[in-house]
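User: I would like to learn how to read the features of a protein model, one at a time. Could you take me through them slowly, giving the general idea before the case at hand?

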Amino acid sequence: MFKSIDWTGDSLRIIDQTQIPERLQFRDLVSLEEVYQAIKRLQVRGAPAIGVAAAFGLYLGLRHKPYASREEFLQDLEIQVQYLKGARPTAVNLSWALNKIQQHLKEHPGSPSELLEEALKMAQQILEDDRSRCEAIATRGAALLPDEAVVITHCNTGILATAGIGTALGIVYKAFEQGKRIHVFVDETRPILQGARLTMWELQQAGIPATLITDNMAAYAIKEHRIALALVGADRIAKNGDVANKIGTFSLAISCHYHRIPFYVAAPLSTFDFSIPDGSCIPIEQRDPVEVTHIWNKLPITVRDANCWNPAFDVTPAKLITGIVTEHGILSPPFEESLEKINNKVHPN
Ligand code: MRU
């Protein structure tokens, strides 16, 4: 299995996801600015992978600087944290990782060079944790799949989107590894085709049978191909279980509801935002209209200067969600209650 994001000892090595499926190109990022740009340009994307990248970006921004005091270090830390948070607004994993490191460093006694060492340790821990969270989600989620199943997914939630085997797609990998006969219907995921470019590529590498459809075929595909359930990821989950994920997820959930098939979300606890009551508080990233007026920024498909709207994410209301697969268990509605139970188990008292 390839790693889409890893620490080399000196640089952050990523697979440049804008180059897939044409070529598998690795990039070594050595500065905060390079990491910021890689996140912004979607060279590294997917909520958990963005969190891991930001953690190393912070370390890269702090190293090689001659801080005269601990105060100076912490002041600069704050500037860099705020800068990195601006790279992409919706996936909460980014601010989760940065807040976690900043909090730890504020509380950790020591000189600037000791704090720097701690920042690297924390980033490495966030990366390793993400791998084990993916593994746990995959194992719990695979139990939901029967021995033979056709499933549908949206966007890319696999190896490319995380430091491990993925969330929703990780479940597919695990079930396949267990010998289950799985066939995946993959929404192409307009406007920028994470399904067609990335998920199809991953599934082909793994030898897992997959069928690509355009997003507007999903409802008919569920009916005609006896799709058993949907598995998607998440970028931010509110306290009540509303889920922000790639644009088009809400439509897929409505189609599943109509056909009465389960709609599962898979995400680590780092994707939950306990500070917001519901999905209306989730900031939705608005992206360049060129993604809508052109196919993959290259082929124009409409009139010049077409007016368009390009939200990168939508919010699926909790009432359309059958369950949320986390590393600590599968949450069932009402999510506010099940989430609190899991949270109490993870952080007692
Ligand atoms: O804009 P992207 O490609 O970063 O959006 C990614 C998604 O919406 C994924 O479904 C989500 O981050 C979960 S990845 C495990």
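User: Where does H64 lie, and is H64 buried or exposed?

Analyst: Please keep in mind throughout that this is a predicted model. H64 lies in the loop between α2 and α3, the latter covering residues 70-85. With a relative accessible area of 71%, H64 is exposed, because the cut-off for that word is over 50%.

User: What is phi of H64 near, and how should I read such a value?

Analyst: The general idea is that most residues other than glycine have a negative phi. In H64, phi is near 65°, which is a positive value in a residue other than glycine.

User: Which loop holds N297, and what is its phi?

Analyst: N297 is placed in the loop between β11 (294-295) and β12 (299-300), and although N297 is not a glycine, it has a positive phi of about 60°. As for its surroundings, N297 has a relative accessible area of 43% and is partly exposed.

User: How do I read a peptide bond that is described as cis, and where is P21 found?

Analyst: The general idea here is that most peptide bonds are trans. In this model the peptide bond from I20 to P21 is cis, with omega near 10°, and P21 is found in the loop between β2 and β3 (26-29). The peptide bond from P333 to P334 is cis as well, with omega near -5°, and P334 has its place in the loop between β15 (329-331) and α11 (335-346).

User: How many disulfides does the structure hold, and why is C134 not bonded to C155?

Analyst: The idea to start from is that a disulfide requires a pair of cysteine sulfur atoms within 2.5 Å. The structure holds zero disulfides. For C134, the closest cysteine sulfur is in C155, and because the two sulfurs are 15 Å apart, they are too far from each other for a bond. Taken from the other side, C155 is in no disulfide, and the nearest cysteine sulfur to its own is that of C134, 15 Å away. As for accessibility, C134 is buried at a relative accessible area of 2%, and C155 is buried at 8%.

User: What does "buried" tell me about S11, and with which side chain does S11 make a polar contact?

Analyst: A residue is called buried if its relative accessible area is under 20%. S11, placed in the loop between β1 (5-7) and β2 (12-15), has 6% relative accessibility and therefore counts as buried. The side chain of S11 makes a polar contact with the side chain of D28, at 3.3 Å.

User: How can I compare separation in sequence with separation in space, for instance for I15 and K3?

Analyst: One reads two values for a pair of residues: how many residues apart they are in sequence, and the distance from C-alpha to C-alpha. I15 and K3 are twelve residues apart in sequence and 8.0 Å apart in space, C-alpha to C-alpha; I15 is found in strand β2 and is buried, with a relative accessible area of 0%. L98, which lies in helix α4 (residues 92-107), also counts as buried, at 0% relative accessibility, and L98 and K85 are 13 residues apart in sequence and 7.8 Å apart from C-alpha to C-alpha. D130 is found in helix α5 (residues 112-142) and counts as buried at 4% relative accessibility, while D130 and L42 are 88 residues apart in sequence and 19 Å apart in space, C-alpha to C-alpha.

User: How many residues surround the ligand, and which atoms lie 2.8 Å from its oxygen atoms?

Analyst: To read a binding site, one can begin with the surrounding residues and then turn to individual atom pairs. Here 17 residues surround the ligand, and the closest are R45, R88, D235, N245 and K246. A polar side-chain atom of K246 lies 2.8 Å from an oxygen atom of the ligand, and a backbone N or O atom of A47 also lies 2.8 Å from a ligand oxygen. A polar backbone atom of G46 is 3.1 Å from an oxygen atom of the ligand. On its own, the ligand has 420 Å² of accessible area, and the protein covers 99% of that.

User: Which cavity does the ligand take up, and which elements give two or more residues to the shell around it?

Analyst: The space taken by the ligand is the largest cavity. The elements that give two or more residues to the shell around the ligand are α2 (47-62) and β9 (243-246).

Note on methods:
Residues numbered from 1 in each chain as written. Predicted model: local features only at pLDDT ≥ 70, side-chain atom pairs only at ≥ 80, totals over all residues. Heavy atoms only, no water. Buried < 20%, exposed > 50% of the residue type's maximum accessible area, 1.4 Å probe, protein only. Near = heavy atom within 4 Å. Polar contact = N/O pair within 3.5 Å; in protein donor to acceptor, adjacent residues only side chain to side chain. Areas by Shrake-Rupley, 256 points an atom, 1.4 Å probe, with all protein chains shown as cover. 1 Å grid on protein atoms, 1.4 Å probe; cavity = no way out; pocket = protein on both sides within 12 Å on 5 of 7 lines; lining within 4 Å. Sits in = over half its atoms within 2 Å of the grid points. Helix = DSSP H or I, 4+ residues; strand = E, 2+ residues; numbered from the N terminus.
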